[in-house]
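The following note was prepared in reply to a request for comments on a structure. Please read it alongside the sequence and the coordinates.

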Amino acid sequence: MATYVAPVPQVSADRAEREVRGWTSWITTTDHKRIGIMYMVTTFIFFGLGGAEALMMRLQLGSPNNTLVTPQTYNQLFTMHGTTMVFLFVVPMMAGLANYFVPLMIGARDMAYPRLNALSYWLLLAGGIVFYASIFWNPPEAGWTSYVPLSSSTYTPSGGQDAWIYLVHLTGISSILGAINLYATIANMRARGMSWGRLPLFVWTILTYSVLIIFAMPVIAAAVTMLLTDRHFGTHFFDSTSGGSPLLWQHLFWFFGHPEVYIMVLPGFGVISEILPVFARKPIFGYKAIAASTVAIAFFGFLTWAHHMFTAPIPEAILVFVMISSYLVAVPTGVKILNWVATLWRGTIEFRTPLLFCVGGITIFLIGGLSGVLLATFPIDWQVNETYFLVAHLHFVLMGGAVFTIFAAIYYWFPKITGRMLSEGLGKASFGLMFLGVLSTFLIQHVLGLDGMPRRVYEYDNVGHLKLYNAISTGGSFVLALGVLVTIVNVARSLKVGVAAGPDPWKANTLEWFTASPPPANNFDVVPAIRSAEPMKDIRREVDRRSLDGRDRGAATVPAGNTQVGV
Ligand code: HEM
Ligand SMILES: [Cu+2]
């Protein structure tokens, strides 16, 4: 393997040097990489809070008729937990990853609108602070779905519900601005030669994520505004006693809520599509099918919202339509999974931590997808609606599609962000604990649901196997938490003592590996022309060919990233 050392570009090094210093440089930054890091750190802290709330709930449910928390506190816990995980962890974590990596992967020097980008981050933080401030008064307690009349001023007059509304507003504006920014960046700032057919698959999913946000978020923004005026300004949009329609809330919420699921999992699918070919040492199988299935999932995702409302008074003909469109989503999803399997098939597989999290994530997601097909069959949904079967389903989907893929992304991209490798040993331990933790926490909940245990209850009687099953689930949640902790330790440790990564530790395919780790402020001094969907392979091949030729033509002809690039 030849090492090509490009001339050190003084200008960018100076600029990078000047920008790094001091905390004020962080709060005033418009650099997409720093904004990306702030997103990732902030959302991971919210993941910790949401996780602590989950553990408190699982402790309460650990034994029958437990009195650790009051019924009202339990309501507040599941509301805070669900809302935090969706609005303050997964969606903005994906925005953070996109922020950091989209410009690097397409060979751009920043996002299209850097200041708007900073605004998006600060709005997210403001939303989180407004929401969490409510724990000092009265946290919201109407669930992450805030169904009326539970969320009306009659049932929950407390300001916590209003804090929830502001959270949705602020994070919603943040997401919309971020999505416009990402879309503009991807549409306009790609390197020379990077046609749509050569766009990295992660970038395809972020493009789709952005379009979904732009279509879905305004709907929930309108809905929560109507809820706000119902609560405080005498309107009756959702008030059935004055001619309003509670069902309207459900339609508006789920018209946003179902696409929100794809907003949460599609970027994770993009991460999988980047990582599998690198660790199978083969090109991705079915690039076009995977890109097209992303768009297809997003399209069908807008037709299925009423599968969350199968028990509401809706004509059966419509339920049948919704059931069939929900099945249709499974088709492009299956296409993706088959292509991933084909990518691994006969590959020279290296079982490193990023790959383990991908394969584990696919497995977990698949279980959630299977129970999803069952739930989309409305006669089945009528039986298990609002039971732990649903709690199991949603956690399998989000754990596999979002949490595991986020961890895969952390292990894959940490070397790029920090210049240091994470420990493989700790990484594998973390993966093992988290995988076992998810299975033991949530598999048994399918049975709990079939046995009739309703969701959102703070206690249960000691009948049947409820005690045993709940104890297993609670035990599992602590194994899962321990697994997360191991990764936190791994990150903290590697920041200090991690082995230097160099620009391209995985011999990967996409352009972010062309520049130094961490990349300098301007990302690239020279952006190479793109000739395929795997530009780094082209570059490595080119360098090899030149060194075999025995003649090195120097910086003028071999495109080089920054400072020192060994390829
Ligand atoms: C860290 C592991 C996790 C554990 C142990 C856990 C546990 C729980 C528990 C006990 C509930 C309440 C069930 C009920 O009483 O109905 C719940 C609800 C929920 N969780 Fe999790 N959870 C975890 C991670 C996640 C993640 C990562 C997400 C999303 C990305 C998530 C999203 C939700 C949602 C949306 C609800 C429904 C809230 C509601 O009913 O309003 N959870 N979870
Ligand atoms: Cu749905």
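The points below concern a predicted model and take up its metal site, aromatic pairs, salt bridges and nonpolar surface in turn.

1. Copper site. Three histidines serve as protein donors to the copper ion (ligand 2): H258 through ND1, H307 through NE2 and H308 through NE2, at 1.7 to 2.0 Å from the ion. Along the chain these donors follow the spacing H-x48-H-H. H258 belongs to helix 8 (residues 246-280), whereas H308 is in the loop between helix 9 (287-301) and helix 10, so the pair ties together parts that are 50 residues apart in sequence. The two also stand in separate accessibility classes: H258 is buried, at 6% relative accessibility, while H308 is partly exposed, at 29%.

2. Aromatic pairs. The model contains 45 aromatic pairs. In one of them, F357 and F431 have ring centres 5.2 Å apart and planes at 85 degrees; since an angle over 60 degrees counts as edge-to-face, the pair is classed as edge-to-face. F357 lies in helix 11 (residues 353-376) and F431 in helix 14 (residues 424-450), so that distant parts of the chain, 74 residues apart, are linked. Both residues are buried: F357 has 0% relative accessibility, and F431 has a relative accessible area of 12%.

3. A tilted pair. The rings of Y412 and W413 have centres 5.5 Å apart, and because their planes meet at 45 degrees the pair is tilted. Y412 is buried, with 1% relative accessible area, and W413 is likewise buried, with 0%.

4. Aromatic cluster. F357 and F431 also belong to a cluster linked by ring pairs, whose other members are F44, F47, F89, F404, F407, Y411 and F435.

5. Charges over rings. The charged end of R34 is placed over the ring of W26, at 4.3 Å from the ring centre. A second arrangement of this kind involves R190, whose charged end sits over the ring of W196, 4.1 Å from its centre.

6. Salt bridges between distant segments. Eleven salt bridges are found in the whole structure. One of them joins R231 to D162, with the closest N and O atoms 3.0 Å apart. R231 is in helix 7 (residues 201-232) and D162 in helix 6 (residues 159-188), so this pair ties together parts that are 69 residues apart in sequence. Both partners are buried.

7. A salt-bridge network. R352 and E424 form a salt bridge in which the closest N and O atoms are 3.3 Å apart. Because R352 lies in the loop between helix 10 and helix 11 and E424 in helix 14, the contact ties together parts that are 72 residues apart in sequence. R352 is partly exposed, at 26% relative accessibility. With K428, these two residues are linked in a network of salt bridges.

8. A salt bridge within one helix. D538 and R541 meet at 3.8 Å, N to O. The two are three residues apart in helix 16 (residues 535-549), and therefore separated by about one helical turn. D538 counts as buried, at 13% relative accessibility, whereas R541 counts as exposed, at 52%.

9. Nonpolar surface. V320, I324, Y327, L328, V331, V335 and V373 make up a nonpolar surface patch of about 500 Å². Helix 10 (residues 316-344) supplies the largest share, six residues. Among the residues of this helix is V331, which is exposed, with a relative accessible area of 51%.

Definitions and conventions
Residues numbered from 1 in each chain as written. Chains lettered and ligands numbered in written order. Predicted model: local features only at pLDDT ≥ 70, side-chain atom pairs only at ≥ 80, totals over all residues. Heavy atoms only, no water. Phe/Tyr/Trp six-rings, centres within 6.5 Å; stacked < 30°, edge-to-face > 60°. Helix = DSSP H or I, 4+ residues; strand = E, 2+ residues; numbered from the N terminus. Buried < 20%, exposed > 50% of the residue type's maximum accessible area, 1.4 Å probe, protein only. Lys NZ or Arg CZ within 6 Å of the ring centre and 35° of its normal. Patch = residues over 30% accessible without salt bridge, like charges linked within 9 Å, V, L, I, M, F, W, Y side chains within 5 Å. Areas by Shrake-Rupley, 256 points an atom, 1.4 Å probe, with all protein chains shown as cover. Salt bridge = Lys/Arg side-chain N within 4 Å of Asp/Glu carboxyl O. Donors = N, O, S within 2.8 Å, 3.2 Å for Na, K, Ca; no water.
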